[in-house]
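Trainee: I'm new to this structure and would like a close look at a single part of it. Please pick one and walk me through it.

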Amino acid sequence: MSVDPTDLRRGVLIADDHVLVRAGVRSLLEGSRRYLLLGEASDVADCLAKVAALRPEVLLLDIMLPDMSGIDAVARIRTAAPAVRIVFLSSQDSREFVMSALQTGADGFLSKDFVLSEMELALDAVIAGNRYLSPRISHVLVEAMNAPPAGEAAQTGLTGRQLEVLRAIARGLSNKEIARELAISPKTVEFHRGALMQRLDLHDVASLTRYAVQAGLV
């Protein structure tokens, strides 16, 4: 995408594997007087290449991409472009997603139901060095802070959803079967599986199953 060198708008890159989401962001930024869409990426590899080539000031990063989660990609992106501001995009607003995203040191978190006015608020905030959270995301965090820990979750250090996924893994269910049983997407299951492995430092199904049995979860 060619850019007019006299254009003073701030450069933005979006990395999202959903064509409609990218089209929506493109349409929103076409109406912005302060921000310019420099390019689009559909996976982390493409994102890294375009971050290095285009040097955007802000990266709008999907939390789940085909080749790697956005959460796991943050360290690589920071290495390629230390100054880039990273704002996560997600249709997921569970506590696990939000906390994991913010623990990466990301600059913001936008729900995918944003409108131009909110996007510009978020971009303005992170450009100024502040953190931006969608109102819905802020509400999730407040609820999470005020909620007492559940029994098993408190004992294991896992969230309620992580426990559900762990039990399902121990029962031998595939990601698609777990997704169907818990009424969540396969991508969300993949996210929780990765978070479990990282949290418990266990990196295969057999180890997760053994842990679940030893902890009395199945």
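Mentor: Let's start with a rule: two strands count as paired if DSSP finds at least two bridges between them. Strands (E, at least two residues) and helices (H or I, at least four) are DSSP runs, numbered from the N terminus. What you're looking at is a predicted model, so local features need pLDDT of at least 70 and side-chain atom pairs pLDDT 80 or more, while totals for chains, interfaces and linings use all residues. Residues are numbered from 1 along each chain as its sequence is written, and side-chain values use heavy atoms, leaving out hydrogens and water.

The part I'd pick is the sheet. Its 6 strands come in the order β2-β1-β3-β4-β5-β6, it is open, and the pairing is parallel. The edges belong to β2 and β6 (132-133); each has a single partner strand, so one side of each has no neighbour in the sheet.

Look at the β2 edge. β2 covers residues 35-41, and 7 of its 7 residues are buried (under 20% relative accessible area with a 1.4 Å probe, protein chains only; over 50% is exposed, in between is partly exposed). So β2 is largely enclosed by the rest of the structure, even though one of its sides lacks a partner in the sheet. On its other side, β2 runs parallel to β1, joined by 6 bridges. One of the facing pairs is I14 with E40 of β2.

Stay with E40 for a moment. E40 counts as buried because its relative accessible area is 17%. The E40 side chain makes a polar contact (N or O atoms within 3.5 Å, one able to donate a hydrogen and the other to accept it; sequence neighbours count only through side-chain atoms) with the side chain of R26, at 2.6 Å. Setting aside neighbours within four places in sequence, E40 is in contact (heavy atoms within 4.5 Å) with L13, I14, R22, R26, D46 and K50.

Now move to the β3 and β4 strands. They pair in the parallel sense over 5 bridges, and V58 stands opposite R85 in β4.

Both strands also feed the largest nonpolar core (buried Ala, Val, Leu, Ile, Met, Phe, Trp, Tyr and Cys residues joined through side-chain atoms within 4.5 Å). That core has 28 residues, and L59, L61, I63, I77 and F88 touch the most other members. Two or more residues each come from β1 (10-15), α2 (44-54), β3 (58-62), α3 (70-80), β4 (85-90) and α4 (95-103). A second, separate core holds 20 residues, including V165, A168, I169 and I178.

F88 deserves its own stop. Beyond its neighbours within four places in sequence, F88 is in contact with L61, I63, G70, I71, V74, A101, T104, A106, G108, F109 and L110. A search of the whole structure finds 1 aromatic pair (Phe, Tyr or six-membered Trp rings, centres within 6.5 Å). The partners are F88 and F109: their ring centres are 6.4 Å apart and their planes sit at 45 degrees, so the pair is tilted (under 30 is stacked, over 60 edge-to-face). F88 belongs to strand β4 and F109 to strand β5 (residues 108-111), so this pair links parts of the chain 21 residues apart. F88 and F109 are both buried.
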